[in-house]
Amino acid sequence: MAKSSSLNVRVVEGRALPAKDVSGSSDPYCIVKVDDEVVARTATIWRSLSPFWGEEYTVHLPLDFHHLSFYVLDEDTVGHDDIIGKISLSREAITADPRGIDSWINLSRVDPDAEVQGEVCLAVQTLEDVQGRCLHCHVLQARDLAPRDISGTSDPFARVFWGSQSLETSTIKKTRFPYWDEVLELREMPGSPSPLRVELWDWDMVGKNDFLGMVEFPPQVLQHNPPNGWFRLLPFPRAEEDSGGSLGALRLKVRLTEDSVLPSQYYQPLRELLMESVLGPAEEDAASPLAVLEELTSGDCRQELATKLVKLFLGQGLTGPFLDYLTRREVARTTDPNTLFRSNSLASKSMEQFMKLVGMPYLHEVLRPVINRVFEERKYMELDPCKMDLGRTRRISFKGAPSEEHVREASLGLLTGYLGPIVDAIVGSVGRCPPAMRLAFKQLRQRVEERFSQAEHEDVKYLAISGFLFLRFFAPAILTPKLFDLRDQHADPQTSRSLLLLAKAVQSIGNLGQQLGQGKELWMAPLHPFLLQSISRVRDFLDQLVDVDGKEEAGGPARALVPPSVTVREGYLLKRKEEPAGLATRFAFKKRYFRLSGETLSYSKSPEWQVVTQDGAGAPHTTYLQCKNVNELNQWLSALRKASAPNPDKLASCHPGAFRSGHWTCCLQAERSASGCSRTHSAVTLGDWSDPLDPDAETQMVYRQLLLGRDRLRMKFLEDSSMDTTLEAATEQGACTDALARQREAAARLLEVLTDLDQAHEEFQQQEQGKVVSGPLRP
């Protein structure tokens, strides 16, 4: 039984942050750390004390994860970035509520003595001799210590306390990976047994020494289970001081998911029930096991369930029947076509997640050229008279203050100059749209036409598709390109306003102009002629989009776990081969285009050039790669870890430094072949839309969702007396008996599958705990 642990983190926004710049504002960004490792960095929000990030991360974790930290910093062009504050959440705090954390949390001051990281390797023995009891503390080494000196290293030494005695190791200069291999002997003094405390310090010639961390072991541990191995360094015990909101606050959403995933055969009955739901006849839709699951799912869990179900059916090649099933149910219970797919139902969420999983490369191809232009040109555009800054245009042109009409005409020309290529790219993208999306839209249109066939509802078949493609896909990507991987950074306030105007225009086009001239945004009227001209082109585009052979499988072929031939990640990196002469200079790195697949990491001078897969004769060597920012670094590391997951020969440790002048710069070891001094963090990866499918983990999540609703399932479908009364009345009247009976049967089958999975989980847990299990495990 495999165990998995993952964090869903959403850095929503900040408020009331202190000003760190002379302008009276700040340029805040947030760093997310799991234990001591930086896993993500949000974009910088320029000139804002109430930044909105809205960035979401799924972090796959090692099972020994301890705490999650958020650091808010102010980015400075010159000098070091200023630290504003931090939030630290322990594992216990995150798991206290099964729903996780969703609240505003005040930032706390960053205490240098509390900012510890790294581990220390110890071997402790307690011995008896003629002089009494003594303790041998073998201080071997430490790794990944916090840098305390301006050089980015430290000068660490260890101090060992036992009772009233203390001893120190030697000081190792300029390293974060010290190797001592020293045994310190301490004698027991009269009195009660004492704990053992090992502190690590950074030695300073001037001023006081800097604290690096500590570990402490109570007397009971020393006596019965003496420490031997690596131990995580901890800060001095002290209560974290709340700044009372003086440093501002962050709104965070954090949820920890820990699962034990059974072997695949145990999930097969549940998968078969779900597949049976979408492949059955349409008249049984309302009484299927999937319909029962949908009724048990609350709104806050619906998005996660939709994501897992889409991935599960995508892996089976049945996404088309799955989406068609949800569409039939949604259309059947909708009476007003104006409300069709407007709620956050399972059908809406599933189609939205399906587009992201299947259509993200298509989205990038269509929108990226124009989005890049908007960011690079940074033109001032504004149609709303209440938001126009006439003085700003004067400062740029030096020709006096323009009139409001002049600004409106100039902005209209710029907006149409961007909207034209956007509309052209969209309506000309029929051949580039993934076939799975086109087939899903074809099925959607067919169901809507069957339900709303009246002449007055002619536009509903178009609105159903454009509501997803324009309102839930293209428009949000234009509004926040960072969240759709179209840009590395959020837009500055001026560019953000331009993107908002463009997104509103695309949204109006997606609505086929039905709300033009209505509502509060009458200042958009100058754009209406262009929007109305685009609507007929969009209708033609939607007609062509669904003109596709329906015999193909709408879900597409089942996606494998990182197929060897599939490119996992690609892009430009700076590369330098290791040279014994010394460390690399800034100009020694060469820009190369890298491609990572399930079996190779290759590079070339440009995307069009022939790929080079190895240097020299294929002998192992070290190559240094440099990314342009921490987010790109984390994305490449995550992709490498995913692609190398099946590799049994990957290293458990590495040297983060370089070998020069006869020693490693990280740990100062003199042997080039010395084992690595730092762990490779292969367990920490970032989830994204291109993650490989894992049907067992996805079915486990469905099982967990059913567990949360098991009591409601029993009460509503099996123990509800009103259902019995309804069933008897229906029997007497000869109506609806089949539907009610099928619904009850589906609930009973789900409960039976749940019981079997419960038993399998319990038996595997007993096996892991070393208990005797009577009888074989039943697949």
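Q: Buried means under 20% relative accessible area, exposed means over 50%, and partly exposed lies in between. In this predicted model, what class does Leu640 fall into, and why?
A: Leu640 has a relative accessible area of 31%, so it is partly exposed. Leu640 is found in helix H14.

Q: What makes Leu640 eligible for a nonpolar patch on the surface?
A: Patch residues need over 30% relative accessible area and no salt bridge. Leu640 has 31%, and it forms a patch with Leu601, Leu625, Leu633 and Leu637. Together the five have about 340 Å² of accessible area. Helix H14 (residues 630-643) gives the most to this patch, with three residues.

Q: Why is the contact between Arg704 and Asp259 called a salt bridge?
A: The criterion is a side-chain nitrogen of Lys or Arg within 4 Å of a carboxyl oxygen of Asp or Glu. The N to O distance for Arg704 and Asp259 is 2.9 Å, so the pair qualifies. Arg704 lies in helix H15 (residues 695-708) and Asp259 in strand E16 (residues 249-261), so the pair ties together parts that are 445 residues apart in sequence.

Q: How do you know whether Arg704 and Asp259 are buried or partly exposed?
A: The cut-off for buried is under 20%. Arg704, at 22% relative accessibility, therefore counts as partly exposed, whereas Asp259, at 11%, counts as buried.

Q: What makes Asp324 and Arg328 a salt bridge, and how far apart are they along helix H6?
A: Their side chains meet at 3.2 Å, N to O, which is within the 4 Å limit. Being four residues apart in helix H6 (residues 319-332), they are separated by about one helical turn. Asp324, with a relative accessible area of 9%, is buried, and Arg328, at 14%, also counts as buried.

Q: What parts does the salt bridge of Arg472 and Glu352 tie together, and why?
A: The closest N and O atoms of Arg472 and Glu352 are 3.0 Å apart. Arg472 lies in helix H11 (residues 460-479) and Glu352 in helix H7 (residues 346-377), so the pair ties together parts that are 120 residues apart in sequence. Both residues are buried.

Q: Why is His406 called partly exposed?
A: Its relative accessibility is 47%, which lies in between 20% and 50%, so His406 counts as partly exposed. His406 lies in helix H9 (residues 404-427).

Definitions and conventions:
Residues numbered from 1 in each chain as written. Predicted model: local features only at pLDDT ≥ 70, side-chain atom pairs only at ≥ 80, totals over all residues. Heavy atoms only, no water. Helix = DSSP H or I, 4+ residues; strand = E, 2+ residues; numbered from the N terminus. Buried < 20%, exposed > 50% of the residue type's maximum accessible area, 1.4 Å probe, protein only. Patch = residues over 30% accessible without salt bridge, like charges linked within 9 Å, V, L, I, M, F, W, Y side chains within 5 Å. Areas by Shrake-Rupley, 256 points an atom, 1.4 Å probe, with all protein chains shown as cover.
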